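Open the model in your viewer and keep the selection panel handy. We will go from one residue outwards, then over to the ligand.

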Amino acid sequence: MNRKVLTLVLIRKLNEVLLGYKKRGFGVNKWNGFGGKVEAKEGIYEAAARELREECGLVVLPVNLEKIGLINFEFVGDPLILEVHVFTSTKYEGHPFETEEMLPKWFHVTDIPFDDMWVDDKLWFPLFLSGKKFKGYFLFQGHDVILKHNLENITCF
Ligand SMILES: CNc1ncnc2c1ncn2[C@@H]1O[C@H](COP(=O)(O)OP(=O)(O)OP(=O)(O)O)[C@@H](O)[C@H]1O
């Protein structure tokens, strides 16, 4: 089984979450957190901080990232498992700006654009928004249909 390790960073203010509109590549035209592939010889926290900076200019120290989720995604017909490590942080520097990859925007927690996000987000975002940690698995058929999933609350990583 092949695995690709990815990061996903959700920056939070009291009542808002920073999302980015993906302009190219995997998940194009969807709102999502910031993230991407962990490179060889790079730690997962460092990778998360690097991707955030590359995609919207915000600077976060790896120690200020809190790991809140681990999700494995499988796509029917594809042997590659996406292992996504989800982080949050309220401690960042800078102001988000548009890059070649993402258009950042703050969303109120009651106004998350689920209809224009990955369909799994609707299931685990409520856990994130209520400060819970979770592990999950999603089996996708194509990019829009979830055939099977499980999601569990955990107390710590
Ligand atoms: C299937 N359901 C999903 N639900 C929510 N989020 C998902 C996701 N599947 C992937 N993601 C996230 O989408 C980003 C892809 O990032 P992306 O820049 O395309 O990755 P990668 O570094 O491989 O790109 P390049 O190969 O360098 O172009 C990355 O944050 C990853 O965690």
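**First stop: Leu-65**

Select Leu-65 in this predicted model. Leaving aside neighbours within four places in sequence, Leu-65 is in contact with Val-9, Tyr-45, Ala-48, Ala-49, Val-60, Phe-87 and Ser-89.

**Widen to the core**

Next, add Val-9, Leu-10, Ala-48, Leu-52 and Val-86: together with Leu-65, these have the most contacts inside the largest nonpolar core, which has 32 residues. Which elements should you colour to follow this core? Those giving two or more residues to the core are β1, β2 (16-22), α1 (44-56), β4 (66-75), β5, α2 (121-129) and β7 (133-141). Of these, α1 gives the most, with six residues. In soluble globular proteins, nonpolar side chains tend to be buried together.

**Over to the ligand**

Now select the ligand and show its surroundings. A shell of 17 residues surrounds the ligand, and the closest are Phe-26, Gly-35, Gly-36, Lys-37 and Trp-118. Try colouring the shell by type: eight of its residues are nonpolar, six are polar and three are charged. Strands β1 (2-12) and β5 (78-89) each supply at least two residues of the shell, and β1 gives the most, with three.

**Zoom out**

Select residues 1-130, where an unreviewed UniProt entry places the feature "domain: Nudix hydrolase". Over this range the chain is 17% helix and 38% strand, with the end C-alpha atoms 33 Å apart.

Last, colour by confidence. The mean pLDDT of the chain is 98, and 100% of its residues reach 70 or more; the model scores ipTM 0.94 and pTM 0.97.

Note on methods
Residues are numbered from 1 along each chain as its sequence is written. This is a predicted model: local features need pLDDT of at least 70, side-chain atom pairs count only at pLDDT 80 or more; totals for chains, interfaces and linings use all residues. pLDDT is the predictor's confidence in each residue, from 0 to 100. A residue is near a molecule or strand if its C-beta atom, placed from the backbone, lies within 6 Å of it. Helices (H or I, at least four residues) and strands (E, at least two) are DSSP runs, numbered from the N terminus. Ala, Val, Leu, Ile, Met, Phe, Trp, Tyr, Cys and Pro count as nonpolar, Asp, Glu, Lys and Arg as charged, and the others, Gly among them, as polar. UniProt positions are given in the numbering used here, feature names are shortened, and annotations may be inferred rather than shown by experiment. A nonpolar core is a set of buried Ala, Val, Leu, Ile, Met, Phe, Trp, Tyr and Cys residues joined through C-beta atoms within 7 Å. A residue is buried if 20 or more other C-beta atoms lie within 10 Å of its own, exposed if 12 or fewer, and partly exposed in between; C-beta atoms are placed from the backbone. Two residues are in contact if their C-beta atoms, placed from the backbone, lie within 7 Å.
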